[in-house]
Amino acid sequence: MKEYLENSFDKLASKLPYLKEIELTFSVPNIASHGDLALNAAMLLAKKLKRNPREIAQEIVDNFEVDKNIIDKIEIAGPGFINFLFKPEFLANIINRINEEDESFGKSDRFKGKKALVEFVSANPTGPLTVGHGRNAVIGDTVANLLEWAGYDVEREYYFNNAGRQMRVLGDSLRLRYLQLKGEDIDFPEDYYQGQYLIDIAKKLYAENKSVDTGQSSIEFFKDFAEKEIFTEIQNTLKGIGIRFDNYFNEHTLYEDKKIDDVLNRLKESNLSYEKDNAIWFRLSELEQENDKVIVKSTGEPTYRLPDIAYHLTKFERGYDIIVDLFGSDHAATYPDVLAGVKALGYDEQKVKVLIHQFVTVLENGEVVKMSTRKANFITLDELIEKVGSDVVRYFFIMRNISSHLNFDIDLARKQSDENPVFYLQYAHARICSILRMTEEEGLKSSFQNLELLTHPSEQNLIKKMHQFKDELNVAIDQYEPQRLANYLEELAAAFHKFYTDCRIIGSGKELAEARIALVKAVKIVIKNGLTILGLTAPERM
RNA sequence: GCCCACGUAGCUCAGUGGAUAGAGCAUCGGUUUCCUAAACCGCAGGCCGCAGGUUCAAUUCCUGCCGUGGGUACCA
């Protein structure tokens, strides 16, 4: 219906040129008596035209060509709102469309032919994924799904670093655990990786081979072994919530492929770097940043900024139209430097969309669990999936605005598992499937012949809700706000459950019953598609 | 100190500058001879952190303050 008004107003603008001066936004009023869509243009124009807003509204309405088959009523209300009320028969046509388009209802080709890269998770293989990584993983995958529905060709990428100090400590931690298994009395350093998972890996190694060389030069071997085990584990965890990556990008290849040297040379040529105190500095103060920062330490080792810039250049070179980076707020400080570098080297940094999600606070037994991979004290994503299931995990991580802190109360998610919103949505779907099974037994079919019989307020409300699906989807896509879709689906499910209690199908007369079946099938499709985008299952029975 | 995000009902949180600020949970009460009660209906619950400003209109935009979290390294 929004589409219809937008097109109509495009035409109207040639008669009333001042309409071109403002952005026309049709919004769904929160009070039903205010119509189906409202336009606030008259108020916006009042000042510009120095005229009374209600008078302008009247002029707009007078010039608007009303198609009686589509629009029921136009009203001017309040300070100058123009409220449009649509003909129920017109609105009901969406039931046909949804049934026809079926599982592609909601897909668009707005960005057809465009390539997108979504980089997420990107945890280094030093331990199992935690709950915090879980939020990142689910948001990233859902954003990728949304982009796909908007027509993008999307690649999911995981960036990692398996070199450096962190990984050496990991390797040495495993070496010491291995020695402990051999019965040696080892004083395990406090700043080493304390987690049980490394003891388990040591046990596995020990079972395979009891005489591994454990001299100082063996750290590399232990590192490799730990990395391989941990990475396998990470991939299994991700598989458990339905996430797969197209690419795993190893930071190390940036060195092998001379990308790092390349960046260094280009910065130097552009006079954006200089040497001081034996280190190489990045002249960020020339790039609207606060201070210059070190990119190569006096030890010769690069700081994280250098490979990050080199990595982003490869993203540009690979020809994506849009580059999405997702990370937690603890990394929020790193990206301005990287973007400044990218821009200074001549790339369009506008293509990079940085999404920063806030932390997850995990509560268990009423207490906040502090997360640290290094310390043994963390809850793994695996444990969480095992406790509450993949669907609940995905939904909980996506149901809130990504810039809000998220409280994940494990006891609550588990204990109230039959009262949480995930099941509310899924139950609506299962209920419809059940209805369809029953009506089939009764010999009733879906029919578009008598959709005008769907006049009950609950039916009308349901139809109008379905009209909003694409709008909500577009907002979720354009604003990178997946929680929009979750909120919408809850509203749709509520509208369905209300319909279910108000309107029966079996026993309501063949014509009405068959129209209602068509309606309910459409709802099923929308819920299913929504759940699919969110990465959840749509159960047929519960 | 400085930078970023957040602050909405008892709790967890929705809310593209618009009309009477919403939902779930928790509390209390009601609905099943009938397609799944994992549902529906009702009661109650609010200085939208505080103070200014912009606007015809501010929970929404701007400034300051307070509170929470994160960042502020030749750690990533």
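In this predicted model, the count of aromatic ring pairs comes to 33. One of them joins Tyr158 and Tyr248, whose ring centres lie 5.2 Å apart with the planes at 40 degrees, so this pair is tilted. The two partners come from distant parts of the chain, since Tyr158 belongs to strand β6 (residues 153–160) and Tyr248 to strand β7 (residues 247–250), 90 residues apart. Their surroundings can be described by relative accessibility: Tyr158, at 0%, counts as buried, whereas Tyr248, with a relative accessible area of 33%, is partly exposed.

A further pair is formed by Tyr159 and Tyr311, with ring centres 3.9 Å apart and planes at 10 degrees, so that it counts as stacked. This pair also links distant parts of the chain, with Tyr159 in strand β6 and Tyr311 in helix α11 (residues 305–317), 152 residues apart. Both Tyr159 and Tyr311 are buried. Tyr158 and Tyr248 are also members of a cluster linked by ring pairs, in which they are joined by Phe120, Phe160, Phe231 and Phe245.

Rings also meet charged side chains: the charged end of Arg177 sits over the ring of Phe188, 3.7 Å from the ring centre, and Arg431 lies over the face of Tyr500, at 3.6 Å from the centre of that ring.

Elsewhere, four strands form an open sheet in the order β1-β2-β4-β3, with antiparallel pairing. Strands β1 (26–27) and β3 (71–77) stand at the edges with a single partner strand each, so one side of each has no neighbour in the sheet. The antiparallel pairing of β3 with strand β4 (residues 81–86) runs over six bridges, and Ile74 stands opposite Phe84 in β4.

RNA strand B is surrounded by 57 residues, of which the closest are Arg400, Tyr427, Ser434, Arg484 and Arg504. By class, this surface has 23 nonpolar, 21 polar and 13 charged residues. The elements β1, α2 (41–49), β4, β15 (406–409), α16 (421–441) and α19 (483–502) each supply at least two residues of the surface near RNA strand B. Of the RNA atoms within 4 Å of the protein, 62% belong to sugar or phosphate and the rest to bases. Some polar contacts with RNA strand B are listed below.

| Residue and its atom | Atom of RNA strand B | Distance |
|---|---|---|
| Asn487, side-chain N or O | sugar or linking oxygen | 2.7 Å |
| Cys503, polar backbone atom | base nitrogen | 2.6 Å |
| Arg504, side-chain N or O | sugar or linking oxygen | 2.2 Å |

Key. Residues numbered from 1 in each chain as written. Chains lettered and ligands numbered in written order. Predicted model: local features only at pLDDT ≥ 70, side-chain atom pairs only at ≥ 80, totals over all residues. Heavy atoms only, no water. Phe/Tyr/Trp six-rings, centres within 6.5 Å; stacked < 30°, edge-to-face > 60°. Buried < 20%, exposed > 50% of the residue type's maximum accessible area, 1.4 Å probe, protein only. Lys NZ or Arg CZ within 6 Å of the ring centre and 35° of its normal. Pairing = 2+ DSSP bridges. Near = heavy atom within 4 Å. Polar contact = N/O pair within 3.5 Å; in protein donor to acceptor, adjacent residues only side chain to side chain. Nonpolar A, V, L, I, M, F, W, Y, C, P; charged D, E, K, R; others polar.
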